[in-house]
Structures are given as C-alpha cells and as structure tokens.
Amino acid sequence: MAATTETKNYKLNHSMIRVKDPKESVKFYEFLGMKLLKKLEFSEAKFDLYFLGYDSPKAVSVGNSIFDREGLIELTHNYGTESNPEYKINNGNVEPHRGFGHTCISVDNIQAACQRLGDAGYRFQKKLTDGRMRHIAFVLDPDGYWVEVVGQKPLEATEGVKETDVQTYRMNHTMIRVKDAEKSLKFYQEVLGMTLLRTNENEKGGFNLYFLGYGPKPGEGEGTADREGLLELTWNYGTEKDETFSYHDGNKEPQGFGHICVSVDNLDAACGRLEKLDVNWKKRLTDGRMKNVAFVLDPDGYWVEIVQNERFTGKDNF
C-alpha cells in the first residue's frame, strides 16, 4: 500500500439513495441490467446497504471488488419503512427540497430501451417524445427518483431498432444542483482531483451543465456516454448572487439522496491531504464507530464519502 496518495488513483465509486422497499428497488435496478454485488447488514443499527452495478462480461468493472469500481448505486434501507404508509422519499426535484437531480444510465438503443421499460410497467417522468429534448428520457424508480436514459449512439442511428442489450448499459453519471459553479468546480477539481470533461452551456434556459470524472478527457469526436462514474453539476444562473439561496443536501428532513463516494488509494494519506486543504468535515476517520470511512462536505453541503479502494490493500473494507 502506497505511503502517499495520488488523485489519479481515485474513483467516483457510488451514489447512495435511501429507499422505502429494497425488494422493489433491487428489482427495478436489476431490470436495468445491474447486479446486486454486495449486501451489508447492520441489524444493530437497523439498516442494510445494497450495492448494485454492471457486472456482465461487457461491463467496465467486471469482476472488480466493490470499492474498485465506478458507477455503483448504493441503496440504504432503514428497517420498517416498507410497511410504513406515511414514509416517503424526497427525490430531490420537488420544491422547496431540490438538490440531487438524478442518476443516469446510457444504453445501446435508446428507443428500444425505453420501450422495454414502458412494457414492463415502469412510469416515466419524461418520455422521448415529450418536450423539445427528444434524445433523453427519464424513468421513475419505485421511490420516484429520476433515472435519466441517454443513448450511446446518435438518436437517428437507433431509430427502428427493436432490440436492446442490458449488458452494454453503463451507470453514466449522477447529477446534483450547485449554487456557485465556480466554487463547486474548484472543489471537485482541485480538492477531489476530478477532471472537467465537458461543459454544456444553455443561455436560453439559463443554466450550464458540467461533467466531471476521473480519467482522461474524451478525444476529438468522442463523447462521455460510454463512461461510468461521472458527476454532473447543474448551475442555474444567478443562484450564486442570492445570499439566502441554498439546495437541500438530502440528509436533512425530508431525506432521500445521501452522498456520493470516492474511493482512494490510501485512506489515511488521502484524509491527511484533505485536512491540509482545509476541507469541511462531516465525519473524520476518528469520529464515531466506523473508523474506515470519512465524509467531507462540498460547497453546497452535499456529503462526499471517502473510502479505501480495496485493490491497494488486498482486503475487504467490510
């Protein structure tokens, strides 16, 4: 295990969301082609964690240990919520509790993929035929979280194609809204070591989208739809000028989204580096019972978990 830490070894490992009924949620994400890779039970604390990701022979991280991957979904289930009629998830897209926006899967043939989802009875927030943006759709998971569906090929190239292969799907990105794009970009690039891969400016709509991740920038003519574990920051113009404006971090009531997670080559060294960079901590390694995870806060107060990539230690974290 290295005595130092290098951000080139970091991975955007997973995004955590709370779910009401894990059976229904696991069923949905498995229908999207994911596999339940690990379940962690914390019966004393009355919650379980379910880690899902793509693991077919065509997957990017096939066969890797849990924390040596990018683009996983972590489902957190607190015991009893499935039988509580009053329990509801905050999906992050309803005022006044907006913040987290969605996760996104990229697919081989988007028309066929959306048809398959519709035929299975899953509801859509936005179908391909809705609105002006005909190249994206949003399907709803059992808790009402938005899952964006984008194509790995141009829309015209897959028109009329009836088949879709879930083994080729990718958990492409997680979107969060940010108040001040400049501050957030600085944090994710300079503190967490991500690379700005592309920017979409929408002046008419009054917003910009920034896509960040670990690894190289796309080459000439290449896109990011075949990648896993990216972070999309959405900045709506003018929010940075409003002192009273803030986004919901998902961990205050009403809860929903929990955090994104970065796995690192050397947990102690990485946290030491973050300490020197004067980050805001939610939980240091020495806090609480779990001494193998830390949490830092980004400029909007979103939680970022820091964990050990098991490839560098040769042993499981849990």
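## Annotated residues

Contact here means heavy atoms within 4.5 Å. The model described is predicted. An unreviewed UniProt entry lists Glu232, His259 and Glu305 under "binding site". The lining of the largest pocket takes in Glu232 from this set. The same kind of record, an unreviewed UniProt entry, gives "active site" for Glu305.

## Glu232

Glu232 is found in strand 12, which spans residues 230–236. Its relative accessible area is 4%, so Glu232 is buried, the limit being under 20%. Setting aside neighbours within four places in sequence, Glu232 is in contact with His102, Glu148, His173, Thr174 and Met175. Ile176, Leu209, Tyr210 and Phe211 are also on that contact list. One partner is joined through side chains: Glu232 and His102 make a polar contact of 3.4 Å.

## The largest pocket

The volume of the largest pocket is about 860 Å³. Its lining is made by 32 residues, of which Met133, Ile136, Phe138, Glu148 and Leu209 are the closest to the centre. Glu148 and Leu209 are also among the contacts of Glu232.

Which elements give two or more residues to this lining? They are strand 7 (136–140), strand 8 (146–151), strand 9 (170–178), strand 10 (195–202), strand 11 (207–213) and strand 12. Glu232 sits in strand 12.

## His259 and Glu305

His259 lies in strand 13, residues 257–264. With 5% relative accessibility, His259 counts as buried. Beyond residues up to four places away in sequence, His259 touches His14, Ser15, Met16, Glu74, Phe295, Trp303 and Glu305. The side chains of His259 and His14 are joined by a polar contact of 3.2 Å.

Glu305 belongs to strand 16, residues 303–308. Is Glu305 buried or exposed? Glu305 is buried, at 8% relative accessible area. Outside its neighbours within four places, Glu305 is in contact with His14, Glu74 and His259. Ile260, Cys261, Val262, Val293, Ala294 and Phe295 are further contacts of Glu305. His14 and Glu74 thus appear in the contacts of His259 and in those of Glu305.

## Nonpolar cores

The largest nonpolar core holds 66 residues. Tyr188, Leu192 and Val262 have the most contacts inside this core. Helix 4, residues 181–191, gives the most to the core, with 5 residues. Another core lies apart from it and has 11 residues, among them Cys261, Val293, Phe295 and Val307. Cys261, Val293 and Phe295 are also contacts of Glu305.

Leu192 has contacts with Thr7, Tyr10, Phe187, Tyr214, Val262, Leu274, Val304 and Ile306, leaving aside neighbours within four places in sequence. Val262 is also in contact with Glu305.

## Helix 4

Several positions of helix 4 are buried: Ala181, Ser184, Leu185, Phe187, Tyr188 and Val191. At the start of the helix, a side-chain oxygen of Asp180 comes to within 3.1 Å of the backbone nitrogen of Glu182. Gly193 follows helix 4, and its phi is positive, near 80°.

## Arg69 and Asn13

Arg69 is found in the loop between strand 3 (47–53) and strand 4 (72–78). Despite its loop position, Arg69 is buried, with a relative accessible area of 3%. The side chain of Arg69 takes part in two kinds of polar pairing. A polar contact of 2.6 Å joins it to the side chain of Asp55. A polar atom of the Arg69 side chain also lies 3.3 Å from the backbone oxygen of Tyr54. Apart from neighbours within four places, the contacts of Arg69 include Lys11, Leu12, Asn13, Leu37, Ser61 and Val62.

Asn13 is placed in strand 1, residues 11–18. Asn13 is buried, with a relative accessible area of 0%. Where does its side chain reach on Arg69? It reaches the backbone oxygen of Arg69, at 3.0 Å. Among the contacts of Asn13, again leaving out neighbours within four places, are Ile66, Phe67, Asp68, Arg69, Glu70, Gly71 and Leu72. Cys261, Val262 and Ser263 are also in contact with Asn13. Of these, Val262 is one of the residues with the most contacts inside the largest core, and Cys261 is part of the 11-residue core.

Technical notes. Residues numbered from 1 in each chain as written. Predicted model: local features only at pLDDT ≥ 70, side-chain atom pairs only at ≥ 80, totals over all residues. Heavy atoms only, no water. UniProt positions renumbered as here; feature names shortened; annotations may be inferred. 1 Å grid on protein atoms, 1.4 Å probe; cavity = no way out; pocket = protein on both sides within 12 Å on 5 of 7 lines; lining within 4 Å. Helix = DSSP H or I, 4+ residues; strand = E, 2+ residues; numbered from the N terminus. Buried < 20%, exposed > 50% of the residue type's maximum accessible area, 1.4 Å probe, protein only. Polar contact = N/O pair within 3.5 Å; in protein donor to acceptor, adjacent residues only side chain to side chain. Core = buried A, V, L, I, M, F, W, Y, C linked by side-chain atoms within 4.5 Å. Points joined across faces, edges and corners; volume = space filled by probe spheres on them.
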